[in-house]
Amino acid sequence: MQHVVQKAVCVLECNVITRLVFPRRFKLSRRDGCSRILQQTSITRDWFSVYSQPNPDSISRLGISVSKRVVPGAVKRNRLKRLIRECFRQHIHHDVARDVVIRVRKPLDESKKSSARLLLSAMLDKALMPK
């Protein structure tokens, strides 16, 4: 599966900026059954719980759950969602069609960000493994 890349041109500097995007077809909406997936067994570690289930489509989709109680600030919550989406985007396999829901369990400090990313990568490798 190719990663979707958008190119934007800065008008003043004439530089081409490449930014990676996360298309809507990879997002798992509530009506697609997040609650159904959350009833499955999870892979749980320090900061995250990862739930996964096979889906009938040909692509893997992601749902993210970050509650206001766990991460009260909207800016930090959105930054954490971006981190999760980027990590998932890098771990999408071509031949695996799974719905994945990632639930954040506790706040993430900026100093622990790199270790949390490595932990989430390992958890996603396990959840997206072809079965």
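## The largest pocket

Six nonpolar and 5 charged residues, with no polar ones, make up the lining of the largest pocket. This is a predicted model, and in it that pocket has a volume of about 210 Å³.

If you would like to find the pocket in the structure above, look for its lining: Val71, Pro72, Lys76, Arg79, Leu80, Leu83, Pro107, Leu108, Asp109, Glu110 and Lys113. Helix α2 (residues 74-90) provides the largest share of that lining, with 4 residues.

## Trp47 and its surroundings

Pro107 and Leu108 from the pocket lining also appear among the contacts of Trp47. Trp47 sits in the loop between β3 (42-44) and β4 (48-54). Is Trp47 buried or exposed? Its relative accessible area is 10%, below the 20% cut-off, so Trp47 counts as buried.

Setting aside neighbours within four places in sequence, Trp47 is in contact with Arg103, Val104, Arg105, Lys106, Pro107, Leu108, Lys112, Ser115, Ala116 and Leu119. One of these partners, Arg105, is 58 residues away from Trp47 in sequence, yet the two C-alpha atoms are 5.1 Å apart in space.

## Helix α3

Ala116 and Leu119, both touched by Trp47, are among the buried residues of helix α3. The others on that list are Leu120, Ser121, Met123, Leu124 and Ala127. Together, the buried residues of α3 pack against β3, β4, α2 and β6 (98-104).

How far apart are the end C-alpha atoms of α3? They are 21 Å apart; the helix has 15 residues (113-127), and at 1.5 Å a residue it should span 21 Å, so the two values agree.

## The nonpolar cores

In soluble globular proteins, nonpolar side chains tend to be buried together. Here, the largest nonpolar core has 28 residues, and Phe48 and Ile102 are the ones that touch the most other members. At least two residues of this core come from each of β4, α2, β6 and α3. The biggest contribution is that of α3, with 6 residues.

Phe48 is worth a look in the viewer. Not counting residues up to four places away in sequence, Phe48 touches Ile43, Ile84, Ile102, Arg103, Val104, Arg105, Ala116, Leu120 and Met123. There is also a second, separate core of 5 residues, which includes Cys34, Ile37, Tyr51 and Val101.

Key
Residues are numbered from 1 along each chain as its sequence is written. This is a predicted model: local features need pLDDT of at least 70, side-chain atom pairs count only at pLDDT 80 or more; totals for chains, interfaces and linings use all residues. Side-chain values use heavy atoms; hydrogens and water are left out. Buried means under 20% relative accessible area, exposed over 50%, partly exposed in between (1.4 Å probe, protein chains only). Contact means heavy atoms within 4.5 Å. On a 1 Å grid over the protein atoms alone, a cavity is a set of points where a 1.4 Å probe fits but cannot get out, and a pocket is an open set with protein on both sides within 12 Å along at least five of seven lines; lining residues have an atom within 4 Å of a point. Grid points are joined across faces, edges and corners, and a volume is the space filled by probe spheres set on the points. Ala, Val, Leu, Ile, Met, Phe, Trp, Tyr, Cys and Pro count as nonpolar, Asp, Glu, Lys and Arg as charged, and the others, Gly among them, as polar. The expected span of a helix is 1.5 Å times one less than its number of residues. A nonpolar core is a set of buried Ala, Val, Leu, Ile, Met, Phe, Trp, Tyr and Cys residues joined through side-chain atoms within 4.5 Å.
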